[in-house]
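Please walk through the model below, moving from strands to rings to cores.

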Amino acid sequence: MRRYRFVTLDVFTDRRFGGNQLAVFPEAQGITDAEMQSLAAEFNLSEITFVLPPADPANTARVRIFNRIAEMDYAGHPSVGTSFLLAEQGLDRDGRLRIELRAGLVEVEVWRDGAGQITGTSIAAPQCLAIGDTLTLQEAAACAGLAPDAIVTDRHMPTLASDGGNKRLLFEVTEQGFAAATPEIGAFREVVARHTALGGRLSVYLYRRDGDRVRTRMFSPLTGPWEDSATGSAALRRCHWRKKKGSVGSVRDTCGDQLSTYASATPGPPRSRRASSTPRRTEPVSINRNPGAPFTRRPPSPASASRAT
């Protein structure tokens with residue numbers, strides 16, 4: 001029986017049980033690909049991560065990201081949360097981390113207050129924003145359970161975009177459409193079947209303008225939770241899209257349950273200022289050597305349970 005420690009965190013929040021949840025296995029050597037995928041399915045979070053030694057000793061770590069059905073090249077909130085945990089363990093060098101992902105190298109800046117406590121991180125996406133094809137109003141509206149006239153096309157049509165992770169379909173909606181939107185998994189399946197270049201994966205990131213804010217919602221029923229409570233790379237992608245459309249300065253995105261992320265519209269690969277992650281608990285997992293046997297969780301020891309207080 002092999003035992004591995006994992007840590008659960010709440011990302012993009014300063015309080016426990018807020019934000020977007022994440023599980024991190026900080027010492028994942030020896031866990032097989034199939035076991036990683038099984039663990040991701042068992043946790044049933046939007047993503048979990050596995051930390052491994054870096055291929056290049058100049059870097060901090062190699063990190064693999066899994067959602068409940070597949071490994072991902074890149075995702076924002078697991079990159080932020082994992083970086084926060086690595087920095088908390090003192091692995092940053094002069095306030096910097098270098099994380100190897102399948103999509104490329106992610107450079108992280110760690111922020112600390114005068115007492116040395118971590119207050120947040122800033123990460124650079126592994127790739128510049130890539131604008132893809134547009135989808136029809138009917139396709140976008142169907143995925144969000146809306147009528148086509150709920151989509152605002154003054155600035156752009158529903159458009160696919162990626163910065164190293166899964167492609168997101170970005171589109172603006174009316175205030176009424178924003179409140180009424182509901183992911184329709186049947187429509188998602190029809191769209192990915194029609195557009196084979198999507199590789200069977202699609203997320204919808206819809207938004208509406210609210211004064212100096214942009215309110216957002218993200219649906220991903222094919223690969224994770226039907227609606228993300230707070231997003232990382234999707235929010236950054238939308239902000240960089242705003243830059244490409246001619247806006248300058250910074251924008252505030254409010255996602256899901258009124259949690260916020262900030263992103264500056266700067267040249268090159270976008271960087272995002274992210275709210276701090278909050279460690280919730282540390283707990284061991286046992287993996288049976290029998291490939292057909294499920295893993296089991298054991299009650300946390302007093303030492304590890306102290307992290308949850």
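Why is strand β8 (residues 118–124) described as largely enclosed by the rest of the structure? Of the 7 residues in β8, 6 are buried, so the strand is largely enclosed. This is a predicted model, and everything said here is computed from it.

The partner of β8 is strand β7 (residues 104–112); the two run antiparallel and are joined by 5 bridges. One point of register is given by W111, whose bridge partner in β8 is G120. The hairpin of β7 and β8 has 5 residues between the strands, and in it G116 takes a positive phi near 85°.

Strand β7 also contains G104. With a relative accessible area of 24%, G104 is partly exposed; the cut-off for a buried residue is under 20%. Leaving aside residues up to four places away in sequence, G104 touches I99 and P126. The C-alpha atoms of G104 and Y74 are separated by 8.4 Å, while the two residues are 30 apart along the chain.

A second strand pairing involves β1 and β2. Strand β2 is mostly covered, with 5 of its 6 residues buried. β1 and β2 pair in the antiparallel sense over 5 bridges, and T8 stands opposite A23 in β2. β2 is also joined to strand β3 (residues 48–52), by 3 bridges, and these two strands run parallel. In that pairing F25 stands opposite F50 in β3.

F25 leads on to the aromatic rings. A pair of such rings is described by the distance of the centres and the angle of the planes. How many aromatic pairs does a search of the whole structure find? The search finds 5 aromatic pairs. In one of them, F6 and F25 have ring centres 5.7 Å apart and planes at 40°, so the pair is tilted; tilted pairs are those between the limits of 30 and 60 degrees. This pair links distant parts of the chain, since F6 lies in strand β1 (residues 2–11) and F25 in strand β2 (residues 20–25), 19 residues apart. F6 is buried, with a relative accessible area of 0%, and F25 is buried, also with a value of 0%.

F6 takes part in another pair, with F43. Their ring centres are 5.0 Å apart and their planes stand at 90°, so the pair is edge-to-face. Here too distant parts of the chain are linked: F6 is in strand β1 and F43 in helix α1 (residues 33–43), 37 residues apart. F43 is buried, with a relative accessible area of 10%. Ring pairs link F6, F25, F43, F50 and F66 into a cluster. F25 and F50, members of this cluster, are the residues that stand opposite each other in β2 and β3.

Elsewhere, F178 has charged side chains over its ring. R208 lies over the face of F178, at 5.6 Å from the ring centre. The charged end of R217 also sits over the ring of F178, 5.9 Å from its centre.

Helix α2 (residues 76–88) is the next element to consider. Its 13 residues, at 1.5 Å a residue, should span 18 Å, and its end C-alpha atoms are 18 Å apart, which agrees. Is α2 enclosed or open to the outside? Of its 13 residues 12 are buried, so α2 is largely enclosed by the rest of the structure. Among the buried residues of α2 are S83, F84, L85 and L86. The helix is followed by G90, whose phi is positive, near 80°.

The nonpolar cores bring several of these elements together. The largest has 28 residues, of which Y74, L97, I99, L101, V106 and V108 touch the most other members. The elements that give two or more residues to this core are β1, β2, β4 (61–66), α2, β6 (96–101), β7 and β8. α2 gives the most, with 5 residues. Contacts of I99, not counting residues up to four places away in sequence, include S83, L86, G104, V106 and V108. S83 and L86 are among the buried residues of α2, and G104 is found in β7. A second, separate core has 25 residues, including A150, F188, V191 and V204.

Terms used: Residues are numbered from 1 along each chain as its sequence is written. This is a predicted model: local features need pLDDT of at least 70, side-chain atom pairs count only at pLDDT 80 or more; totals for chains, interfaces and linings use all residues. Side-chain values use heavy atoms; hydrogens and water are left out. Helices (H or I, at least four residues) and strands (E, at least two) are DSSP runs, numbered from the N terminus. The expected span of a helix is 1.5 Å times one less than its number of residues. Buried means under 20% relative accessible area, exposed over 50%, partly exposed in between (1.4 Å probe, protein chains only). Rings of Phe, Tyr and Trp (its six-membered ring) pair if their centres lie within 6.5 Å; planes under 30 degrees apart count as stacked, over 60 as edge-to-face and the rest as tilted. A charge sits over a ring if NZ of Lys or CZ of Arg is within 6 Å of the ring centre and within 35 degrees of the ring normal. Two strands pair if DSSP finds at least two bridges between them. A nonpolar core is a set of buried Ala, Val, Leu, Ile, Met, Phe, Trp, Tyr and Cys residues joined through side-chain atoms within 4.5 Å. Contact means heavy atoms within 4.5 Å.
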